[in-house]
Amino acid sequence: MGDRVTMTTATAATTAMSTAMSTAMTTRATVPEDGTAAGVTAEETAQTAPAAGPAHQVSAGPAHQAPVASAHQVPAGPAHRVPAPRRGAEPALPDGAGAPAPHDPRAHGFLPERPPVRAMIGTWTRLDAMARAAAVAPDRAAAVALVERARRAEELTALRQRVSRLSLRNAEAAAMRIAVIAVSCGWCGLDPQAPAAREVADEAFLELWAAIAHRIDHDQFVALPTLALHNWAPERKPRRHIPIDQLARTEALVPIVRWAPEGQPLSRLDRLMLAATRLEAHGIWLFRLADTLAGRAPDDSSTPTALRRLVRVQHALRAQLHAEAAELAAAPATPQQGAVLGALAEQGALEPPVLQAADAVLGIGGRRMGEGRRQLLRRHLPAQHRAWLSAMDRHCAPVRTLAHRGGPDAAVYREAQESLIALRRTYTALVQTAARPTTAPLPAAA
């Protein structure tokens, strides 16, 4: 009897070993050289590995309960199983889902998301010093001499080689300083990549200019949006974190790169750029109303309400410009600063973004100055801002049909158009005051 039990146990062990070897041979055909089965991730292998025992171990018990080691088990359907993503890896997303979120002007208008970089570091302090010196240069020749001196010292080449290392925020800070140098030298209308530009401007500076433009993905950045919205800082650090539009509205602002020498009062050009920044901050409600009007039907009950609020916002912006006018008119000015403003105005580079947003809703620019002129003004804005304005052109088209209708809603729409025209005229008068001394008062606020 004992021999029969012994023989039965031996037979069961032999059968279990044969089954395990057969399973192992089958699995071997589907396991790559690194030992991981097809369709099984490294984490799953690690989880199952501790449960695996030697192939020859058989648990004591009835002959028909001999288990197979889990390390040799083949998962069902390995051909169609998708491996799990690696730990820390980004999951696969549909087209466009992984792109950064588009700019939302309802948050802070066209102001930067964070306050501009006040102090450059490392090699970029040379660009900062050059911009500050060019801004207070007595004339264009003196500013050009600064650029040539930097080129002979190979500072421009050293900066160009470091552009790719800049973060986007620091690249925008560098772009503002490039813009200050360019307008001081009289080069604001140049295309840095055009062959004709090399006959006018320093080649090394043009290469640095083009590299910065490529880094921020904005070719025509030498204009008011860069010179104003990226050239300000609060005079004192706020005690708590506040939204950037509230920061620009409530705190006293100072320019980062001054157009007036240190220790002297701010110049008219300084005050004009700060006034444009505060105008954007006060105009945040205009961007939100534009979003409200987008896609609204002309006969929607909310349309006249939003238009009336738009009129009030534009009246408030006009009053803001009048508040800036007295200090600006009393500020000192130099012929060089007048030349800078004249060159920017000639290029259509002094249009505030908030006025372009109002124009996209009400359509004044397209009717009064032509669609080509409107696009000429918008080229000085970053791509995401131009895209938003183009979207407003399309989405607010139904509201603009009120211009051809009668009734109280159409009257409110025409009032909004007239208030925008008055706001634009007030801003033009402010620019003229900054460009040349004048004793003529600004048009009275409505």
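Glu154 is found in the loop between helix 5 and helix 6 (155-160) of this predicted model. Its phi is near 60°, a positive value in a residue other than glycine. Glu154 is exposed, because its relative accessible area is 57%. A second residue can be described in the same terms. Asp217 sits in the loop between helix 8 (203-216) and helix 9 (224-229). For Asp217, too, phi is near 60°, and again the residue is one other than glycine. Asp217 has a relative accessible area of 59%, so it counts as exposed.

These two loops belong to a protein whose secondary structure comes to 20 helices and two strands. The protein has 446 residues, of which 44% count as buried. Its contacts can also be sorted by distance along the chain. Among contacts with a separation of 6 or more, 75% are accounted for by residues 24 or more positions apart.

The helix pairs come next. Two packed helices are described by the angle between their axes and the distance between the axes. Helix 4 (residues 125-135) packs on helix 5 (residues 140-152) at an angle of about 160°, and the two axes are 9 Å apart. Angles over 145 degrees count as roughly antiparallel, so helix 4 is roughly antiparallel to helix 5. The crossing of helix 4 past helix 5 is right-handed. On the helix 4 side, the residues that meet the partner are Met130, Ala133 and Ala134, and on the helix 5 side they are Ala143, Leu146, Val147 and Ala150. By class, this contact holds seven nonpolar residues, no polar ones and no charged ones.

Helix 12 (residues 284-293) and helix 15 (residues 353-362) form another packed pair, with an angle of about 20° and axes 10 Å apart. Here the cut-off at the other end of the scale applies: angles under 35 degrees count as roughly parallel, so helix 12 is roughly parallel to helix 15. Helix 12 passes helix 15 in a left-handed crossing. Leu286, Phe287, Ala290 and Leu293 of helix 12 meet Val354, Ala357, Ala358 and Val361 of helix 15. The residues of this contact divide into eight nonpolar, no polar and no charged.

Gly363 follows in the loop between helix 15 and helix 16 (364-368). What is the relative accessibility of Gly363, and does that make the residue buried or exposed? The value is 12%, and Gly363 therefore counts as buried, since buried means under 20%. Once neighbours within four places in sequence are left aside, Gly363 is in contact with Arg374 and Arg400. Gly363 can also be placed relative to Asp393: the two residues are 30 residues apart in sequence, and their C-alpha atoms are 7.8 Å apart in space.

Two further residue pairs link places that are distant in sequence. Asp299 lies in the loop between helix 12 and helix 13. With 62% relative accessibility, Asp299 counts as exposed, because the cut-off for exposed is over 50%. Asp299 and Asp409 are 110 residues apart along the chain, while their C-alpha atoms are separated by 7.9 Å.

Ala319 is in helix 13 (residues 302-330). Its relative accessible area is 39%, so Ala319 is partly exposed. The partner of Ala319 is Leu423, 104 residues away in sequence and 9.0 Å away in space, C-alpha to C-alpha.

The cysteines remain. A disulfide is a covalent bond between the sulfur atoms of two cysteines. How many disulfides does the protein have under the rule applied here? The rule asks for a pair of cysteine sulfur atoms within 2.5 Å, and by this rule the count comes to zero. Two of the cysteines can be described by their accessibility. Cys188 has a relative accessibility of 10% and so counts as buried. Cys396 is also buried, with a relative accessible area of 0%.

Methods. Residues numbered from 1 in each chain as written. Predicted model: local features only at pLDDT ≥ 70, side-chain atom pairs only at ≥ 80, totals over all residues. Heavy atoms only, no water. Axes fitted to C-alpha atoms, helices over the stretch in contact; angles between N-to-C directions. Helix = DSSP H or I, 4+ residues; strand = E, 2+ residues; numbered from the N terminus. Parallel < 35°, antiparallel > 145°, perpendicular 65-115°, else oblique. Left-handed = near helix turned anticlockwise from the far one by under 90°. Contact = heavy atoms within 4.5 Å. Nonpolar A, V, L, I, M, F, W, Y, C, P; charged D, E, K, R; others polar. Buried < 20%, exposed > 50% of the residue type's maximum accessible area, 1.4 Å probe, protein only.
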